[in-house]
Amino acid sequence: MQQTDPRPVTADAPAPEAVESAAFDPAELRRALAGMATSVTLVTTNVNGVAYGFTANSFTSVSVTPPLVAVFLAETAESYPAFARTDHVAINILAADQGDVARHFATKGIDKFSAVTLHGGYDRVPVVTGAQASLLGQVHERWTVGDHLMIIVHVDEVIRSELTPLVYQNREFRKLV
């Protein structure tokens with residue numbers, strides 16, 4: 001996906017692509033972004049009867065009309081092939097007491113679903129019990145953006161509780177006060 005800079009180019013200003021930062025430090029970007037507080041989600045799907053899931057804090061609302069949200073998955077993730085082809089997902093926004101579940105789903109090479117109880121009434125996608133909310137929907141679009149897969153989901157159903165959400169900031173789980 002390519003983005004166009006809407007600012008006009010003037011004679012005394014270089015074009016945006018001409019400005020380069022030879023000293024750019026990706027680690028500094030990671031540190032800056034870590035300072036942002038974010039929600040924590042478990043994104044889940046079923047492909048050919050096998051459940052897949054990953055922990056994500058790169059999640060955002062896109063639109064209410066139509067109801068769209070986006071989540072981002074690293075190309076190095078174990079579940080990347082499943083999410084690159086699935087049609088339906090659940091985005092489970094974790095509750096404040098589910099930090100251990102988030103860590104479990106972020107661990108490679110283990111049975112992710114051994115750490116959660118699933119709602120019994122959902123066959124298409126795994127829906128995690130005890131979540132602050134779960135958004136169920138169909139994949140609307142996918143884009144490769146940098147080293148991530150952006151999955152835009154059309155939300156068909158919302159399951160919501162009054163639980164406090166889990167928050168992640170500076171590589172730690174936090175509580176809202």
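The largest nonpolar core in this predicted model has 19 residues. Within that core, Val43, Val71 and Ile91 have the most contacts. Five elements give it two or more residues: strand S3 (50-56), S5, strand S6 (88-93), S7 and strand S8 (148-160). S8 provides the largest share, 4 residues.

Val71 shows how the core is put together. Setting aside neighbours within four places in sequence, Val71 is in contact with Val43, Phe54, Ala56, Ser58, Phe59, Ile91, Leu149, Met150 and Ile151. Two of the names on that list, Val43 and Ile91, are also among the residues with the most contacts inside the core.

A second core is separate from this one and has 10 residues. Leu94, Val116, Val128 and Leu166 are included in it.

**Val69 in strand S5**

Val69 lies in strand S5. Is Val69 buried or exposed? Its relative accessible area is 8%, so Val69 counts as buried. Its C-alpha atom is separated by 5.3 Å from that of Val153, although the two residues are 84 apart along the chain. Beyond neighbours within four places in sequence, the contacts of Val69 include Phe59, Thr60, Ser61 and Val62. Val69 also touches Ile91 and Leu135. Ile151, Ile152, Val153 and Val155 are in contact with Val69 too.

**Salt bridges**

Side chains of opposite charge can pair when their charged atoms come close. How many salt bridges does a search of the whole structure find? It finds 5. Among them are these:

| Pair | N to O distance |
|---|---|
| Arg31 and Asp25 | 3.6 Å |
| Glu28 and Arg31 | 2.7 Å |
| Lys112 and Glu78 | 3.6 Å |

Consider the Lys112 and Glu78 pair, a salt bridge between side chains. The pair links distant parts of the chain, 34 residues apart. Lys112 sits in the loop between helix H3 (99-105) and strand S7 (133-145). Glu78 sits in the loop between strand S5 (68-74) and helix H2 (80-83). Lys112 counts as buried because its relative accessibility is 12%. Glu78 is partly exposed, with a relative accessible area of 44%.

Salt bridges that share partners join Asp25, Glu28 and Arg31 into one network. Arg31 meets Asp25 in one bridge and Glu28 in another. Why are Glu28 and Arg31 separated by about one helical turn? They are 3 residues apart in helix H1 (residues 26-34), which means a separation of about one helical turn. Arg31 is partly exposed, at 43% relative accessibility. Asp25 is partly exposed as well, at 36% relative accessibility. Glu28 is partly exposed, with a relative accessible area of 44%.

**An open sheet**

Which strands form the open sheet? The order is S1-S9-S10, with 3 strands in antiparallel pairing. Strand S1 (38-39) and strand S10 (172-174) stand at the edges. Each has a single partner strand, so one side of each is left without a neighbour in the sheet. S1 pairs with strand S9 (residues 167-169) in the antiparallel sense over 2 bridges. Ser39 has Val167 as its bridge partner in S9.

Technical notes: Residues numbered from 1 in each chain as written. Predicted model: local features only at pLDDT ≥ 70, side-chain atom pairs only at ≥ 80, totals over all residues. Heavy atoms only, no water. Salt bridge = Lys/Arg side-chain N within 4 Å of Asp/Glu carboxyl O. Buried < 20%, exposed > 50% of the residue type's maximum accessible area, 1.4 Å probe, protein only. Pairing = 2+ DSSP bridges. Core = buried A, V, L, I, M, F, W, Y, C linked by side-chain atoms within 4.5 Å. Contact = heavy atoms within 4.5 Å.
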